[in-house]
Amino acid sequence: MPLLMSQSLLPPLVHDPVRLDALGTTNLLNTPPEAEFDDIAQLAAIVCDTPVALVSLVASDRQWFKARVGFPLCETALNASVCAYTLAEADLLTIPDLTTDPRTQNNPLVIGEPFIRFYAGAPLHDPNGQVLGSLCVIDRKPRPEGLTAKQSDGLRRLARQVTTVLRERQLNAEMRATRETLRTSQERLTFAFAASGSLGWWDWDIPGDRLYAGAQFAGMYGVDPEEAAAGAPLAAFVGGIHPDDQEWVGERIQNALDTGGEFIEDYRLLRGDGTLTWVHARGRCFLDADGKPLRLPGVAVDITDRKRAEAASFAGEARLKSIMETVPVGIMLAEAPSGRILLGNRRLAEILGHDTVYASSSDAYGAFVAFHKDGRLVEGHEYPLAQITSGACKRAALEVLYQRPDGARCWITISGEAIEDEVGATVGAVVAVSDVNDQRAAEASQDLLNRELSHRLKNTLAMVQSIATQTLRNAASLPAAQEALAARLIALGKAHDVLLLGHSESANVRDIVQGTLALHQDKAKRFRMSGPNLFIGPSPALMLGLVMHEASDQRGQVRRLLQHIRSGRCAVGCVQRGRRGRISDGVAGTKWATGRPTHPEGVWLASRSNVAWAAATSSSATRPRASIAR
């Protein structure tokens, strides 16, 4: 072959990788002839009145002809390609005489067979705008005038038709790929629906009122699977919905149609055999260009087991709440590790003085205001609930002085324990809160009672010692002393019965005084008692007994009075407050004015409830001046 055309003159687009990739994507190179391309080439030759027409694709190393008319070769090397120059043209490339153009004068096809002389070509673009080659016409003689306007326009139109054919082929290829992908997806989806056993699909053609569904969905609603596959009216499926749910489910469906929105609902199905099931249905309404409902596809899943589990869980929670509301202590539940408070019972609110604080985490436990025994504020992390949910321990307890919203404070104990899963990990915590105010008050009362009993015991022992001393001193013989001591100890016990047991009913004042003074009645008629027969209630009676007991013990007024009496008697009398008079059968000369004795050796013993008791001696011994009344 003669002198080769220098490839250095070829446009850079020839070797552009993006263009070459686009050409490869068409899958046209080395393919058999196709009628649509052959027809275009034939029409180009007719329109332009040329013996040769080609649909040329320019590759990186050659030009290949998808369709050709009047040209023997199916491809040529790039050094023989005139179409390569068309790649860089925005419109037609026309060369009236190839022997005079510097780009083509040495072209092998110009200087040798078939000795081409005229060339006109229109660029060929793919659907994305990449140039692939040209639609060209060739003549073996020069055409100084080139193509006519009509011929040029026809060549452009035919070139655009090649682009249209390429677009259709691309769309067809994409559709085939899409159909294959869809077929694969449908097979997988069908298998998934069948394998799940609880998931069904539907697609409702709204204008035609035909609902197409899979076998699983049809079985849920009691519709024949073949009828559902062919398409059945919506009413056929609505009949499977529980009668109590049909109305409101219909309203939700209509709302989806009106808004072009989603349909997401849980509702019940009632089968012909009376079996009740639950489904979760989810679909979406699609509208046409005019905004009218077109399709509503979706899926439904059987959630009967989940609903049963929820019902069982709710029943368990109800039982737990019922139990929590009956226990006499406050209960609080929290999850781990966050410490978020989940539940608190009514007793807890009663103890704390406010509703349960549903803290989002243990960091918010500072909302509880409490103090340690030493007065320090309890920090949030110190509460047993925080310690357990953080994983610091499995059990914890704390006693604090809690401050209620109204400012009142009460002592409470908080005892908590971890809630663990099957592997022993802490998943929550429960604490019991108890009001220990009454317990602390009882402990204080018990302590006071212990101290009082200790005091009384010491006094009693001192009195026993005094009685024994007095009895032995005045006794004529040891047997007489034993008898007198036993009698006095019995009297002492009776007096203490008054002190310890009190009086459940009214008591005679004379009996209380006489029972107490009987301890000191070591000589006949040593005490002479007078006054009205007066009955008083339990509280005054106990008070009088206490006063008489204190007055007659070792340190009492009567004891000191008796210590000054070597002989004679002691008169004990009773008058009402505010009255004047004398003690009948008492010591002569002893007067009582406004409730107090005027005798110099008188002793004021008791003054309660409009009653006054007093004692006076008939001895001229040393006169004590003392009073125990207030």
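## Aromatic rings

Rings of Phe, Tyr and Trp, the last by its six-membered ring, are said to pair if their centres lie within 6.5 Å. In this predicted model, Trp202, Phe217, Tyr221 and Phe237 form one aromatic cluster. The structure as a whole holds eight aromatic pairs. One of these pairs is made by phenylalanine 65 and phenylalanine 71, whose ring centres are 5.6 Å apart and whose planes stand at 80 degrees to each other, an edge-to-face arrangement. Both phenylalanine 65 and phenylalanine 71 are buried.

Another pair, formed by phenylalanine 263 and tyrosine 267, is tilted, with 6.5 Å from centre to centre and 50 degrees between the planes. Are these two residues buried or exposed? Phenylalanine 263 has a relative accessibility of 5%, and therefore counts as buried, while tyrosine 267 counts as buried because its relative accessibility is 4%.

Rings also take part in arrangements with charged side chains. Arginine 103 lies over the face of tyrosine 85, at 5.6 Å from the ring centre, and lysine 307 lies over the face of tryptophan 278, at 4.6 Å from the ring centre.

## The chain as a whole

The chain contains 17 helices and 27 strands, and of its 630 residues, 41% count as buried. If we consider the contacts in the chain with a separation of 6 or more, 53% of them are made by residues that are 24 or more positions apart.

## The largest nonpolar core

The largest nonpolar core has 31 residues, and within it Phe37, Ala44, Val55, Leu135, Val137 and Leu155 touch the most other members. Both helices and strands contribute to this core, for at least two residues come from each of α1 (17-26), α2 (35-48), β1 (52-58), β2 (62-69), β5 (118-125), β6 (131-139) and α5 (149-196). Apart from this core lies another one, of 27 residues, which includes Phe217, Tyr267, Leu269 and Cys285. Two of these names have appeared above: Phe217 belongs to the aromatic cluster, and tyrosine 267 is paired with phenylalanine 263.

Which residues does valine 137 touch, once its neighbours within four places in sequence are left aside? Valine 137 is in contact with Ala44, Ala45, Cys48, Thr50, Val52, Ala53, Phe118, Tyr119, Ala120 and Leu155.

## Strand β6 and its partners

Strand β6 is mostly covered, since nine of its nine residues are buried. On the one hand, β6 pairs with β1 in the antiparallel sense over six bridges, and in this pairing leucine 57 stands opposite glycine 133 in β6. On the other hand, β6 is joined to β5 by eight bridges, and these two strands also run antiparallel; here alanine 120 stands opposite valine 137 in β6. The hairpin of β5 and β6 has five residues between the strands, and in this hairpin glycine 129 takes a positive phi near 95 degrees.

## Two buried threonines

Threonine 76 lies in strand β3, which covers residues 75-77. Why does threonine 76 count as buried? Its relative accessible area is 8%, and the residue is therefore buried, the limit for this term being under 20%. A polar contact of 2.8 Å joins the side chain of threonine 76 to that of glutamine 63. Not counting residues up to four places away in sequence, threonine 76 touches Arg62, Gln63, Phe65, Ser81 and Leu109, and of these Phe65 is a member of the edge-to-face pair described earlier.

Threonine 163 has its place in helix α5. With a relative accessible area of 13%, threonine 163 is buried as well. Leaving out residues up to four places away in sequence, threonine 163 touches His125, Asp126 and Pro127.

## A six-stranded sheet

Further along the chain there is an open sheet of six strands, with the order β14-β13-β18-β17-β16-β15 and antiparallel pairing. Which strands form the edges of this sheet? They are β14 (341-344) and β15 (370-371), each of which pairs on one side only.

Within the sheet, strand β13 (residues 330-335) and strand β18 (residues 426-435) pair in the antiparallel sense over six bridges, and glutamate 335 stands opposite glycine 428 in β18. As a general point for reading such a sheet, the side chains in a regular strand alternate between the two faces.

Note on methods:
Residues numbered from 1 in each chain as written. Predicted model: local features only at pLDDT ≥ 70, side-chain atom pairs only at ≥ 80, totals over all residues. Heavy atoms only, no water. Phe/Tyr/Trp six-rings, centres within 6.5 Å; stacked < 30°, edge-to-face > 60°. Buried < 20%, exposed > 50% of the residue type's maximum accessible area, 1.4 Å probe, protein only. Lys NZ or Arg CZ within 6 Å of the ring centre and 35° of its normal. Pairing = 2+ DSSP bridges. Helix = DSSP H or I, 4+ residues; strand = E, 2+ residues; numbered from the N terminus. Polar contact = N/O pair within 3.5 Å; in protein donor to acceptor, adjacent residues only side chain to side chain. Contact = heavy atoms within 4.5 Å. Core = buried A, V, L, I, M, F, W, Y, C linked by side-chain atoms within 4.5 Å.
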